[in-house]
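Grab a pencil and open the viewer. Below is a short set of exercises, each with a solution you can follow step by step.

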Amino acid sequence: MSELKLCQGTRCHTYNTKDRLKGVKGSKTFQTRRRSSMYYGSGNFCSWNCLNDWFNDFGDRAIDHFGRLTEPKHLNENNAWQKTYDWDSNYENRFYVYRNGITKEERPLTRQQYDDNNYTLNER
Ligand SMILES: [Zn+2]
């Protein structure tokens with residue numbers, strides 16, 4: 001049996017849905033949702049609403065804690081490579097390429113290189 005996780009939404013329990021209403025007659029409460037898996041915010045929130053509630057309450061503090069950007073980030077010729085493929089093709093005949101967003105140069109990629117999250121032409 002998989003472990004149930006609680007939604008981290010700060011107001012999850014205030015949304016009056018049937019699935020949040022728990023307990024026996026006379027002592028029912030609306031409760032934070034528990035689920036084996038959730039699809040928002042890296043699996044921490046039951047809904048986009050709950051993720052947004054959390055961000056509205058804590059987002060500024062989280063950004064300040066982990067480092068607020070103070071200058072724009074840049075892609076240059078050395079790190080503007082992006083994996084792509086010909087979108088019209090069907091899956092079996094797909095032609096994968098690395099395309100440099102600045103120089104527009106394209107280099108062929110194998111399917112394995114396309115799927116490999118560690119394979120890159122970009123400087124790190
Ligand atoms: Zn929630």
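The exercises go from the overall fold to the metal site and then to single residues; keep in mind that the model is predicted.

**Exercise 1. Work out how the elements of the protein run from the N terminus on, and how many helices and strands there are.**

Step 1. Count first: the protein has two helices and seven strands.

Step 2. Now put them in order. Starting at the N terminus, the elements read β-β-β-β-α-β-β-β-α.

**Exercise 2. Compare the radius of gyration of the protein with that of a compact globule of 124 residues.**

Step 1. Take the reference value: a compact globule of 124 residues would come out near 14 Å.

Step 2. Set the model against it. The protein has 22 Å, against the 14 Å or so of the globule.

Step 3. Look at the box. Along the principal axes, the C-alpha atoms fill roughly 70 × 45 × 25 Å.

Step 4. Add the burial and surface figures. Just 20% of the 124 residues count as buried, and the protein exposes about 9,900 Å², with carbon and sulfur atoms supplying 49% of that area.

Step 5. Finish with contacts. Among those with a separation of 6 or more, 42% are between residues 24 or more positions apart.

**Exercise 3. Find the protein donors of the zinc ion and say why the arrangement is tetrahedral.**

Step 1. List the donors: they are the SG atoms of Cys-7, Cys-12, Cys-46 and Cys-50, lying 2.3 to 2.4 Å from the zinc ion.

Step 2. Check the angles. The four donor atoms subtend 105 to 115° around the zinc ion, so the arrangement is tetrahedral. The cut-off you need here is that all angles lie between 85 and 135 degrees.

Step 3. Read the spacing along the chain: C-x4-C-x33-C-x3-C.

Step 4. Place two of the donors. Cys-12 sits in the loop between strand S1 (5-6) and strand S2 (21-22), while Cys-46 sits in the loop between strand S4 (34-35) and helix H1 (48-66), so this pair ties together parts that are 34 residues apart in sequence.

Step 5. Check their accessibility: Cys-12 and Cys-46 are both buried.

**Exercise 4. Describe how strands S6 and S7 are joined, and pick out the residue with a positive phi in their hairpin.**

Step 1. Get the pairing. Strand S6 (residues 96-100) and strand S7 (residues 106-109) run antiparallel and are joined by four bridges. For one opposite pair, look at Tyr-96, which faces Leu-109 in S7.

Step 2. Go to the turn. Five residues lie between the strands of this hairpin, and Lys-104 is the one to pick, with a positive phi near 70°.

Step 3. Why does that catch the eye? Most residues other than glycine have a negative phi. Lys-104 is not a glycine, yet its phi is positive.

Step 4. Check the surroundings. Lys-104 is exposed, because its relative accessible area is 58%.

Step 5. Try a second case. Ser-42 is not a glycine either and has a positive phi of about 55°. Ser-42 belongs to the loop between S4 and H1, and with a relative accessible area of 75% it is exposed.

**Exercise 5. Is Thr-84 buried or exposed, and which residues does Thr-84 touch?**

Step 1. Locate Thr-84: strand S5 (residues 81-85).

Step 2. Use the number. Thr-84 has 12% relative accessibility, so it counts as buried; the cut-off is under 20%.

Step 3. List the partners. Leaving out residues up to four places away in sequence, Thr-84 touches Phe-95, Tyr-96, Val-97, Arg-99 and Tyr-114. Tyr-96 is the residue you met opposite Leu-109.

**Exercise 6. Put Asn-122 and Leu-21 in context: where is each found, and which residues does each touch?**

Step 1. Start with Asn-122, in the segment after helix H2 (111-115). Its 19% relative accessibility is why Asn-122 counts as buried.

Step 2. Beyond neighbours within four places in sequence, Asn-122 is in contact with Asn-78, Asn-79, Ala-80 and Trp-81.

Step 3. Try a C-alpha distance: Asn-122 and Lys-25, 97 residues apart along the chain, are separated by 61 Å.

Step 4. Turn to Leu-21, which lies in strand S2. At 36% relative accessibility, Leu-21 counts as partly exposed.

Step 5. Not counting residues up to four places away, Leu-21 touches Lys-28, Thr-29 and Phe-30. The C-alpha atoms of Leu-21 and Gln-31, 10 residues apart along the chain, are separated by 6.3 Å.

How values were computed
Residues numbered from 1 in each chain as written. Predicted model: local features only at pLDDT ≥ 70, side-chain atom pairs only at ≥ 80, totals over all residues. Heavy atoms only, no water. Donors = N, O, S within 2.8 Å, 3.2 Å for Na, K, Ca; no water. Tetrahedral: all angles 85-135°; square planar, octahedral: opposite > 155°, others 65-115°. Buried < 20%, exposed > 50% of the residue type's maximum accessible area, 1.4 Å probe, protein only. Rg over C-alpha atoms; globule rule 2.2 N^0.38 Å. Contact = heavy atoms within 4.5 Å. Areas by Shrake-Rupley, 256 points an atom, 1.4 Å probe, with all protein chains shown as cover. Pairing = 2+ DSSP bridges.
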